[in-house]
Amino acid sequence: GVFLSLTPPPKTQHNPTPPPPPHPPPPPHLFCVKNTPPGTPRRGQTPPRHSHGGATRQPWSFSNFARLFRTAQSKGGEQPQAQARSSGPPVVGPRRSMDKPGFEKAHRGEWVRTNSSLLRESGAEENERVDLNADLNMSTGANTDAAGKSEIEATPPPPPPLLDDVTRMGMAVMADLAAVVRGSEGDDSVESSSRRPPSQKKALDATPLPDAAMVYPPLAGVKHSYASSMRMYHRLARQVVALQQTQRPDAMVGVMLPESQPRVRFVHVSDTHHHHRDVTNVPDGDVLIHTGDLVGNYGKGDDRAMLKQLKHSLGWLAKMAERFDHVFFIAGNHDTMLDRRQYPESFTASAYQMIGQLPSNVTYLDAEANPGQIVKYRGLSLYGCPVVVSRLETQGSRYYSNAFERTRAERRRIFEQIPDHLDLLLTHTPPLGSGTNVHGCGELARHLHRMAKRGEGLAPKVHCFGHEHSSFGLVQNELTGTLEVNAAQEDLIRYERKIGVRGACALTFDVALPG
């Protein structure tokens, strides 16, 4: 018979192999598209099959790539891409090589050392040299001379690593920037030229002003020679020399009349645009004149900000009144709070209240609001008018700085009221066509020409204005014989702010007293 054993076979002891420990994930930067070798499938793509020597090779994947990376690290390899591709050109990233650490491809395909690797090597060599000297001093007790210096310290250090031209240029630029920062934090004097960048050092070699022009007080007060604003100063110097050479002995007006002749010295500024603190080159004189644009008003502030700027500018004029016998000023197109015709009384009332609180020797002139207003100073007549060209009429655009902008017909009517035989005419706008004033007023120029044609001496002796920032200087009008003085400070202030200096340049001229 068949004996069937119902007893189950004994269970064998089975020790299953424990799962391998989880490997750390590969660095995330290895999953960058630039660092993966060609043929690596993107996410959502089917891995291709490659044939290699008649056999099928396992396709690339993120897990295989990570495994190769761990294998290369355990074997002391440099980078996984060198192990992954045994044939073909080396895989190079954007510029740095995965096969040659510390190198990068130049634009011509040449291998060059990276700046970071050079710095690391130089730092490592310095640390090794210091550690070696310390070990030798402790073990052997190095001999020292009378000054207490070790013999090892006398050994010259190894030469610095060679740097390419691009690296040296970058280091030079950073050194110049650091010098500028140190200069701004410490001594900000102009004489410390060694702390200036190369562009400013080169500007120090600009052609000096002629000696014949250095007797002019404003040019004598220029404390720097940077080319950015020296172009304007050189032009002013040529104008001063030309006026001195053509000045007659019996002249009643000039840039500098003889001290023996009874005269009044006027100091003229314009277009300070709330940068009056930067106008420090203000020579001494008898009368200070400001021909408008006291505030900035470029559309970046509200009414309260504009009134605050006017308050600061009027405070500067009041402080200047302590140095001068009298101060005369008019408004400009940026001084909107003084234009009662275009702006409401709620905005202009505060401005005129501040003007009413000025010292008694500060006078505001506005011939449009007060036709026929002529003021006298020691027998000399002054007349001021703030009217300018309407850009809404000429350009079809309305600006924030549209104070006292009037149409052509209105300007003709206002300028025809300028009286004859004036000593000083103060306007904000220059006459069109005089010198380089391309943004001047044609109606003003025509009226002054008609005055000169009607008779000698009818046109003003001196015409002070601003508005045209690029026409800073003094010229003699050939048609009217008037000395035209444009003292706009805006361009000078901007140029000198870029190079970290202050000063600008107020202009001076003399007018002989009558009788």
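Me: How many salt bridges does the structure hold?

Reply: Happy to start there. Side chains of opposite charge can pair when their charged atoms come close. In this predicted model, there are 18 salt bridges.

Me: Which residues are linked in a network of salt bridges?

Reply: Asp-339, Arg-341, Glu-368, Arg-406 and Glu-410. Take two of the pairs that involve Glu-368. The side chains of Arg-406 and Glu-368 meet at 2.7 Å, N to O. Arg-406 sits in strand E13 (residues 405-406) and Glu-368 in the loop between E9 and E10, so this pair ties together parts that are 38 residues apart in sequence. Arg-341 and Glu-368 form a salt bridge at 3.8 Å, N to O. Here Arg-341 belongs to the loop between strand E8 (326-330) and helix H9 (345-356), so the pair ties together parts 27 residues apart in sequence.

Me: Is each of these buried or partly exposed: Arg-406 and Glu-368?

Reply: Arg-406 is buried, with a relative accessible area of 1%. Glu-368 has 21% relative accessibility and counts as partly exposed, because the buried class ends at 20%.

Me: What separates Glu-443 and Arg-446 in helix H12?

Reply: About one helical turn, because they are three residues apart in helix H12 (residues 442-454). Their side chains meet in a salt bridge of 2.7 Å, N to O. Glu-443 is buried at 4% relative accessible area, while Arg-446, at 37%, counts as partly exposed.

Me: Now the nonpolar side. Which residues have the most contacts inside the largest nonpolar core?

Reply: The general idea is that in soluble globular proteins, nonpolar side chains tend to be buried together. In this structure the largest nonpolar core has 41 residues, and those with the most contacts inside it are Leu-236, Phe-266, Leu-424, Val-462, Leu-474, Leu-507 and Phe-509. Helix H7 (residues 227-246) gives the largest share of this core, eight residues. A second, separate core has 35 residues, including Leu-294 and Tyr-343. Back in the largest core, Leu-507 touches residues including Tyr-216, Leu-236, Phe-266 and Leu-474.

Me: And the sheet: in what order do the six strands come?

Reply: Reading across the open sheet, the order is E10-E11-E14-E15-E17-E16, with mixed pairing. Strands E10 (375-377) and E16 (473-476) stand at the edges with a single partner strand each, so one side of each is left without a neighbour in the sheet. From one strand to the next, the twist averages 20°. For one pairing, look at strand E14 (residues 424-427) and strand E15 (residues 462-465): they run in the parallel sense over three bridges. Leu-426 has Cys-464 as its bridge partner in E15.

Methods: Residues numbered from 1 in each chain as written. Predicted model: local features only at pLDDT ≥ 70, side-chain atom pairs only at ≥ 80, totals over all residues. Heavy atoms only, no water. Core = buried A, V, L, I, M, F, W, Y, C linked by side-chain atoms within 4.5 Å. Buried < 20%, exposed > 50% of the residue type's maximum accessible area, 1.4 Å probe, protein only. Helix = DSSP H or I, 4+ residues; strand = E, 2+ residues; numbered from the N terminus. Contact = heavy atoms within 4.5 Å. Pairing = 2+ DSSP bridges. Axes fitted to C-alpha atoms, helices over the stretch in contact; angles between N-to-C directions. Salt bridge = Lys/Arg side-chain N within 4 Å of Asp/Glu carboxyl O. Lists of a residue's contacts leave out its neighbours within four places in sequence.
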